[in-house]
There are 2 protein chains.
Amino acid sequence: MRQITITADKKYLLIPVGNVKGWTIPAESIQYLSIYQNGSLVEEYEVCLDASPRCWSCLYLERYAGETLELRLEGGDESLIELLEVSDTLKDADTLYREPMRPLAHITPMHGFMNDPNGLFYLNGKYHCFAQLNPYGLGVGNTHWMHMVSSDLMHWQELPYALLPDETGRMYSGCGAVDLQNTSGLGKDGIPPVFLFYTPAGSKSRWSRGKYFEIAAAVSTDGGMHFEKYAQNPIVQHIAYMNRDPKVVWDDQNQNWVMVIFLDNDRYMFLYSDNLLHWEQGETIRIRGSAECPDLFNLPIDNDMTQRKWVLWGSTDNYMIGHFEGRHFVPETDVIEGPTHRIDSAYSLEARSTGGYAAQTFANLPNGRVIQISWIRTVVSQGPFSSCLSIPNELRLVSTEQGPRLTVKPAAEVKDLRECSYSFVGRGLEEFERIPREYLGEAMDMTFKFSMKPDKLIAFSVRGVLIVYDPKIERLLLPVGAYKLALKDDTFELRVVTDRCSVELYADDGKFNLTLATVPDPTDISILPVLLDPGIGIDFEVHKLKSMWE
Amino acid sequence: MRQITITADKKYLLIPVGNVKGWTIPAESIQYLSIYQNGSLVEEYEVCLDASPRCWSCLYLERYAGETLELRLEGGDESLIELLEVSDTLKDADTLYREPMRPLAHITPMHGFMNDPNGLFYLNGKYHCFAQLNPYGLGVGNTHWMHMVSSDLMHWQELPYALLPDETGRMYSGCGAVDLQNTSGLGKDGIPPVFLFYTPAGSKSRWSRGKYFEIAAAVSTDGGMHFEKYAQNPIVQHIAYMNRDPKVVWDDQNQNWVMVIFLDNDRYMFLYSDNLLHWEQGETIRIRGSAECPDLFNLPIDNDMTQRKWVLWGSTDNYMIGHFEGRHFVPETDVIEGPTHRIDSAYSLEARSTGGYAAQTFANLPNGRVIQISWIRTVVSQGPFSSCLSIPNELRLVSTEQGPRLTVKPAAEVKDLRECSYSFVGRGLEEFERIPREYLGEAMDMTFKFSMKPDKLIAFSVRGVLIVYDPKIERLLLPVGAYKLALKDDTFELRVVTDRCSVELYADDGKFNLTLATVPDPTDISILPVLLDPGIGIDFEVHKLKSMWE
């Protein structure tokens, strides 16, 4: 163990972060960095300090207000503790948000590894997005909740971390809830309190050894800008295994709060409350093929407000539709395979699963909109961060021959990032080569409409990703799999949103949505015909997207 | 201008190298670093010094033997000259050749940007490979010849740079020639002299302003380990435009040396010599669709030594077959589209051209073998180097219905890198998912043999690259294009060699060879069925390749 003393008289403690391959930090490279204040442990992280770091991250010191702190490093080369710096300036202040691999139209953290979106809510003209974050490593660990705000859903600003790990564990996933009626009684000055419900992941850190997963809350009395962990945590004690990922919604019809949490395998549990603080356990329910991260939201069928349904959604996007009878969820469907099709592989989850995962909808959105953001599981192997979140998608319920089904489309707000647009109508595939280069970019929002007969085959590539559609077998072929999609009235439509670390696809009028967690070659901004076939007519538009960070 | 003085009493001058996007270094980021010895300019480079460099490169100081040197920096932030360090140890000595993006089975430079292979020859049990190199930038510039040697064609060791830019220009491409009969008279002690023929690229550097492209030679009298530029350079004075890229071979039948150089557009010129030093101009010849970097080699048709032909090959692999009548090349074919199919795009050469370019064969190989290495134009956006060379390919001439044609197959030596192997026979595509993970890796050599009828469609992916073969239209669909390849006896065979920065494909018994300059996701080592079709039987083998650097 090696120790240094610092004075917390500047904004940041700067921490060098070593590189990692994939998103698992090898056990042998982990060191423990502990922070002591007046002899008490106040923070402890797994770090991998490096004299030639991939990036420099920051620990916010403002809460220590000039006090003296002792820092201790255990494991590996402990002399590296001397690299830590107290500073008012970030090491990468000059390049931050302008890095070559930073996605332009997708949420990423300033520093570190991100996963599930958490705590999404809207209040006072601001969208709030939180997410699982390891600020001090480029793989999973040290799970904080990062916090970002936006006025328009597309331009985001990162705030200091909202939830820090503590002796109860890492801060695993959860949701946000705006207590408009102050049912909790925790509001002040007429401002509705905002809740974050999170999972203290006991035993997932050295500090929380021997503890269990529980459900806890943090409360904001300033409209969602700052959160304090609730003094009487946990609000739901340990139930089973690694129970986690609370999603809390207000059931207006029954005038109570509903929480759904993951229990184990594919089992979820409902809980009910009048005041967000005291919860009674309800029924358990299985979502076949899912685990973790439930979402729960209310939607009308075909915009008919008399036909409102609840949708219970699992991490992989399998879902079921139902309603509440008092404090009881009544499914009206079996489990439906979701629009975000996911395929597992025998030997590698990452290799074949699609990008979108652990999606979550915003609480308290105006006009009953249901907007969802998911985690895109892209590993980024350079720059100060890894992974990103999806673009915001708007969900609707539409009736089909099989019954009501969810549709997923990019939220209208995505248009706000359009920089310039180019289109053509009724041309052949060779027309892709005539698109002036200034309309192409790393981030593009494209719509393809192919008019063709079933004996034709479409093959084209976007930023090096081959996309093939064969109407004879009704399959869209992508590097991750083949998806059944029919030609309709001799037409096949596809929307593709590319960025530096992802390719998102939408088809079948929103009933198909698939995300490729891929990092295209940064120099390849091409849209290319692969197979020129004179019998195919194309309507096409491309919108080059600008950076949300500018 | 800012100046420092150093003592060259250690091995290296260490130079920090800033990052670059693509392979063009923006003009505004270029600074001039000049080295003066006793008041005379001895070296001058375009650099982009960076306090947070992507890598540290090295300038070899040993030739200055402890003397005092003045270093001058002009342009940009000139205070960055203080970053330069004299050292006996490379900055990245701990990680060199073990970087996450370093190809395992492909030649890469220690530091800097590589392009064309140059000067390939074999002598005394050693293969020598040179290549265009910018040691001090991650895009084109400062063109040196790097030098590597190997005993087995697969494990390579980099030696100090063989040719440094000088007042005649950057050191552009050329070839190697072993003067076994000492026709030049420059041999010493019975050791055959080895020649490098190169292109002093006048006016391509500040130092060579106003000069023209010429052809020059450097000579080794120690069996190819060290080269001295020939005192009477140039050996061929400027002829036209940017004439360049000499390829020199011994014509055994006519007992003379033949040189072919690029002139302009698609024009090439033959020159002839008895002694490698004095050259007479011969005819010019056009290779339609080519420019730069000719190759010239001798092969028997169908291994019949009485049917030897010369092959003249252009940079893009278009070629023609002919013979020499004395000092005159007589084409026997029109220009043939080569096995390395290349497609240009209207707006981006990089986007669509295939990886392999500027291929060159070894001089003086035993047993009349013709082995060729090309440049793979992959931009690598992290680590101390960018771009790589192809695996060695063995070329043959075979007779076909259309006349003699070249075939390209991986040289047998590629097998030497096999770490472990897995295979199956007569299974369905779903069998790919059952390959144990330990047989998969970032570098793999795979052979697929599909037994199928024309009404079937194959779709699978390798490390995220979708590969589709449709026998009905006789097309192999790849992200860069569609290639005509017929089903033969209800069988389609494909060999695929992947590595960290490339995917090389071989089909049609060697008559098809295509390289994708792509950087697959490092965490994706998958081989996946995309479309499961019960009517397809597969014979498959995969050989995981180990690192040539271990």
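**Close-ups of a predicted two-chain model**

**View 1. Chain A as a whole.** A compact globule with 550 residues would have a radius of gyration near 24 Å, and chain A comes out at 24 Å, so the two agree. Keep in mind that this is a predicted model. Picture a box of roughly 75 × 55 × 45 Å along the principal axes: that is what the C-alpha atoms of chain A fill. Look for the secondary structure and you'll find 1 helix and 40 strands in chain A.

**View 2. The domains of chain A.** Chain A splits into domain 1 (2-87), domain 2 (112-410) and domain 3 (417-545). Hop from the C-alpha centre of domain 1 of chain A to that of domain 3 of chain A and you've covered 46 Å.

**View 3. Where chain A meets chain B.** Each partner chips in here: 48 residues from chain A and 48 residues from chain B make up the contact. Together, chain A and chain B bury about 3600 Å², with 57% of that on carbon and sulfur atoms.

**View 4. Polar links across the interface.** Between chain A and chain B there are 2 salt bridges. One of them joins the side chains of Glu442(A) and Lys21(B), at 2.8 Å from N to O. The interface also has 8 residue pairs in polar contact, both residues at pLDDT 80 or more.

**View 5. The face of chain A that touches chain B.** Several elements of chain A each supply at least two residues to this side, among them α1 (349-352), β33 (465-470) and β39 (527-529). Sort the residues of this side by type and you get 24 nonpolar, 11 polar and 13 charged.

Key
Residues are numbered from 1 along each chain as its sequence is written. Chains are lettered from A and ligands numbered from 1 in the order in which they are written. This is a predicted model: local features need pLDDT of at least 70, side-chain atom pairs count only at pLDDT 80 or more; totals for chains, interfaces and linings use all residues. Side-chain values use heavy atoms; hydrogens and water are left out. Contact means heavy atoms within 4.5 Å. Buried area is the accessible area (1.4 Å probe) that two parts lose on being put together, summed over both. A salt bridge is a side-chain nitrogen of Lys or Arg within 4 Å of a carboxyl oxygen of Asp or Glu. A polar contact is a pair of N or O atoms within 3.5 Å; within protein, one must be able to donate a hydrogen and the other to accept it, and residues adjacent in sequence count only if both atoms are side-chain atoms. Helices (H or I, at least four residues) and strands (E, at least two) are DSSP runs, numbered from the N terminus. Ala, Val, Leu, Ile, Met, Phe, Trp, Tyr, Cys and Pro count as nonpolar, Asp, Glu, Lys and Arg as charged, and the others, Gly among them, as polar. Domain bounds come from an automatic or database domain assignment. The radius of gyration is taken over C-alpha atoms; the globule rule is 2.2 Å times the number of residues to the power 0.38.
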